[in-house]
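Biologist: Before we discuss this structure, I should like each descriptive term to be justified. Please set the value against the criterion in every case.

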Amino acid sequence: MEIGIGNGEFISAFAGRHPEQNYLGFEVMKRIFDRAIRKVRTAGVKNAKIIHFDATFFVSLLEDGCVDNFFVNFPDPWPKKKHNKRRLLKTSFIEILTSKLKTGGSLYMATDQADYAEEIAENLKPVENLKSAYDTVFINELVDYHETKYYRKFSPELGVYFFRMIKQ
């Protein structure tokens, strides 16, 4: 499940690489959703569906332990200090995502903002049953991951922070 599908490139690529798995993506912005739907249709993947809806609400309705993986790629960083409260990856939402993951499932997160990466790392501390797949909480390189538009655009300039947390 991808939260914030951007232009649909990531979900299309993963669905194409793994036709035996189903993918569900959410996008709240209509203009972005419209681009993503065209990308998924053009890719011709039948195992990817995208929904124009707020994932934070939808995810809360899911049964616990029913999702293999969550992908949150470059969520809006809300860089102004006064807007930080709008950031998606707060402890409360990470806890909801964790409860919906199957044991052994992964929560993948990526950002190009150093302060957001630090905030995510802090927000992960109180969450039980999640362990980093890496020796550190995040890494700064792409490992077995599709390069998205935002990765290509911002990683050379700002660097990138990848998290892969596994539910224990």
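**Salt bridges and burial**

Modeller: The model is predicted, and it holds seven salt bridges under the criterion applied.

Biologist: What makes the contact between D34 and K30 a salt bridge?

Modeller: The N to O distance between the side chains of D34 and K30 is 2.8 Å. The cut-off is 4 Å between a Lys or Arg side-chain nitrogen and an Asp or Glu carboxyl oxygen, so the pair qualifies. Both residues belong to helix α2, where they lie four residues apart, about one turn of the helix.

Biologist: Why are D34 and K30 called partly exposed?

Modeller: The relative accessibility of D34 is 25%, and that of K30 is 45%. Buried requires under 20% and exposed over 50%, so both D34 and K30 fall in between and count as partly exposed.

Biologist: How do you know that R87 and E119 form a salt bridge, and where in the chain do they lie?

Modeller: The closest N and O atoms of R87 and E119 are 2.7 Å apart, and a distance within 4 Å suffices. This pair links distant parts of the chain: R87 lies in the loop between β4 and α4, E119 lies in helix α5, and 32 residues separate them.

Biologist: Are R87 and E119 buried or exposed, and what makes them so?

Modeller: R87 has a relative accessible area of 2% and E119 one of 15%. Each value is under 20%, and therefore both residues are buried.

Biologist: Why do E122 and K125 receive different labels, although a salt bridge joins them?

Modeller: The closest N and O atoms of E122 and K125 are 2.6 Å apart, which places the pair within the 4 Å limit. E122, at 45%, counts as partly exposed, whereas K125, at 61%, is over the 50% limit and is therefore exposed. Elsewhere, salt bridges with shared partners join R87, K90, D115 and E119 into one network.

**Strands and crossovers**

Biologist: What makes β1 and β2 a strand pair, and how do they run?

Modeller: Two bridges join β1 to β2, and the strands run parallel. Pairing requires at least two bridges, so the criterion is met. In one of these bridges E2 has G25 of β2 as its partner.

Biologist: How many bridges join β2 to β3?

Modeller: Five bridges join these parallel strands, and L24 has K49 of β3 as a bridge partner.

Biologist: Which helices take part in the β-α-β units that contain β2?

Modeller: Helix α1 stands between β1 and β2 in a right-handed unit, and helix α2 takes that place between β2 and β3 in a right-handed unit.

Biologist: Why is β2 described as largely enclosed?

Modeller: Four of the five residues in β2 are buried, so the rest of the structure largely encloses this strand.

**Two loop residues**

Biologist: What makes D112 buried, and which residue does its side chain contact?

Modeller: D112, in the loop between β5 and α5, has a relative accessibility of 9%, which is under 20%, so it is buried. Its side chain makes a polar contact with the side chain of Q113 at 3.4 Å, within the 3.5 Å limit.

Biologist: Why is A133 called partly exposed, and which residues does it contact?

Modeller: A133 lies in the loop between β6 and α6. Its relative accessibility of 34% lies between the 20% and 50% limits, so partly exposed is the label. Leaving aside neighbours within four places in sequence, A133 is in contact with R164 and I166.

Conventions. Residues are numbered from 1 along each chain as its sequence is written. This is a predicted model: local features need pLDDT of at least 70, side-chain atom pairs count only at pLDDT 80 or more; totals for chains, interfaces and linings use all residues. Side-chain values use heavy atoms; hydrogens and water are left out. Buried means under 20% relative accessible area, exposed over 50%, partly exposed in between (1.4 Å probe, protein chains only). A crossover is right-handed if, with the strands pointing away from the viewer, the path from the first strand over the helix to the second runs clockwise. A polar contact is a pair of N or O atoms within 3.5 Å; within protein, one must be able to donate a hydrogen and the other to accept it, and residues adjacent in sequence count only if both atoms are side-chain atoms. Contact means heavy atoms within 4.5 Å.
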